[in-house]
Every structure is written in C-alpha cells, then in structure tokens.
Amino acid sequence: MVLETISKIIKVQLPAYLKKLPLPETIGGFARLTVSEWLRLLPLLGILALLGYLTIRPFLPKKKKQRDSLINLKIQKENPKVVNEIDIEDLKSTNVCYCRCWRSKTFPVCDKSHIKHNELTGDNVGPLILKKKIL
C-alpha cells in the first residue's frame, strides 16, 4: 500500500507537477516570470538547494565546539589569580591527581573531566600526578 502510493507519486504526480512548472527556455526568461510563477517554482528551488547543500556538506570544514579561549571558565573567578597550595607531606595516599584543565567538579582534584574537554577541543591536557615515595 505504501509502496504503491510512493510509486504513484514518482511516476504520475511528480512528472505532472514538473510539466506545469513555468521553466523558461533562456536565462532572460526568468526575468519575465510573474510573482505567481516564481511562487510555483519555490518548492523545486528549495529542494534543489537542499540537495546541493547535502552534497557539499561533507567537504565543508568542521567547526570545533570550544566555548571560548579562556581556560578557566568558572573556578574562583572572583580571585585575580587562582593558587592552591598543598604540602606534599600532608598527602594521605601514594598517588594524587590534580586538575590542569579547569573543568573538574572537584577542583583542584582531578575527576577526569579533561577527557571530555580534550575530545571537544582537540587539546591534550591531562592531570598533574603527585607520587609520594614510600620509605
């Protein structure tokens, strides 16, 4: 049923529609078209424009999804400079990772937000890892 309807549209209605379009024989003929004739051409011109765009779209340059050029977008913005001081002697575990991408929800400790940041921006930032020597 559905295929019969599609077949009828393609074989009967589309050719009938195209035959009724006011397509001039020359380029100058477009200048002599009336407003109503231009309105009848709009659906066809819209479809042709869409097909043209879809054809060239894979060759258009990709836009990066980076929000802006700032690195720190939200952490301690009220301070002129963000400084976190941690004494190495106070480390409770042998390995601690600190954020360098400024996207961590647990800043200054890394929560691996740099992975998503790197995917979105093409950056290669990773955490600062401090290792405590066990004596």
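Where in helix 1 is the kink centred, and about how many degrees does it amount to?

## Helix 1 and its kink

In this predicted model, the kink in helix 1 is centred on Ile9 and amounts to about 35°. The helix itself covers residues 2-20, a run of 19 residues, and the distance from its first C-alpha to its last is 26 Å, which is close to the 27 Å expected at 1.5 Å a residue. The bend at Ile9 is thus found in a helix whose end-to-end reach is close to the expected value.

## Helix 2 and the annotated span

Helix 2 takes in residues 35-56, and because its 22 residues should span 32 Å at 1.5 Å a residue, the 30 Å between its end C-alpha atoms agrees with that expectation. This helix also bends, by about 40° at Leu42, and a proline, Pro43, follows within four residues of that position.

An unreviewed UniProt entry places the feature "transmembrane region" at residues 38-56. In the model, residues 38-56 are 100% helix and 0% strand, with 26 Å between the C-alpha atoms at the two ends of the span. The annotation comes from that record, whereas the helix content is computed from the model.

## Arrangement of the two domains

The chain is divided into domain 1, covering residues 1-57, and domain 2, covering residues 68-134. The C-alpha centres of the two domains lie 57 Å apart. A single residue pair gives another view of the separation: Leu128 and Ile6 are 122 residues apart in sequence, and their C-alpha atoms are 61 Å apart in space.

## The loop between strand 1 and helix 3

Several backbone features fall in the loop that runs between strand 1 (95-98) and helix 3, and Pro108 is one of the residues located there. The peptide bond joining Phe107 and Pro108 is cis, with omega at about 10°. Trp102 lies in this loop as well, and its phi is near 70°, a positive value in a residue other than glycine.

Lys112 is a further member of the loop between strand 1 and helix 3, and its phi is likewise positive, near 70°, in a residue other than glycine. Lys112 counts as exposed because its relative accessible area is 58%, and the cut-off for that class is over 50%. Computed along the sequence, Lys112 and Val96 are 16 residues apart, while their C-alpha atoms are 12 Å apart in space.

## Cysteines without disulfides

How many disulfides does the distance rule give? The count comes to zero, and two of the cysteines show how the rule works out in practice. The sulfur of Cys97 has its closest cysteine sulfur in Cys110, at 5.8 Å, and is therefore too far away for a bond, since a disulfide requires the two sulfur atoms to be within 2.5 Å. For Cys101 the closest cysteine sulfur is that of Cys99, at 3.8 Å, and this distance is also too far for a bond.

The two residues can also be described by their accessibility. Cys97 is partly exposed, with a relative accessible area of 30%, whereas Cys101, at 3%, counts as buried.

## Helix 3, its histidines and strand 2

Helix 3 covers residues 114-121 and includes His114, and His117 is found in helix 3 too. Are these histidines buried or exposed? His114 is buried, with a relative accessible area of 12%, and His117 is buried as well, at 11%, because values under 20% fall in that class. Leaving aside neighbours within four places in sequence, His114 is in contact with Cys101, Val125, Gly126 and Pro127. With residues up to four places away again not counted, His117 touches Cys101, Arg103, Gly122, Asp123 and Val125. Cys101 and Val125 therefore appear in the contacts of His114 and of His117.Strand 2 covers residues 128-131 and includes Leu128. Leu128 is partly exposed, with a relative accessible area of 40%. Beyond its neighbours within four places in sequence, Leu128 is in contact with Val96, Cys97, Tyr98 and Arg100.

Notes: Residues are numbered from 1 along each chain as its sequence is written. This is a predicted model: local features need pLDDT of at least 70, side-chain atom pairs count only at pLDDT 80 or more; totals for chains, interfaces and linings use all residues. Side-chain values use heavy atoms; hydrogens and water are left out. Buried means under 20% relative accessible area, exposed over 50%, partly exposed in between (1.4 Å probe, protein chains only). Contact means heavy atoms within 4.5 Å. Domain bounds come from an automatic or database domain assignment. The expected span of a helix is 1.5 Å times one less than its number of residues. The bend at a residue is the angle between axes fitted to the seven residues ending there and the seven starting there. UniProt positions are given in the numbering used here, feature names are shortened, and annotations may be inferred rather than shown by experiment.
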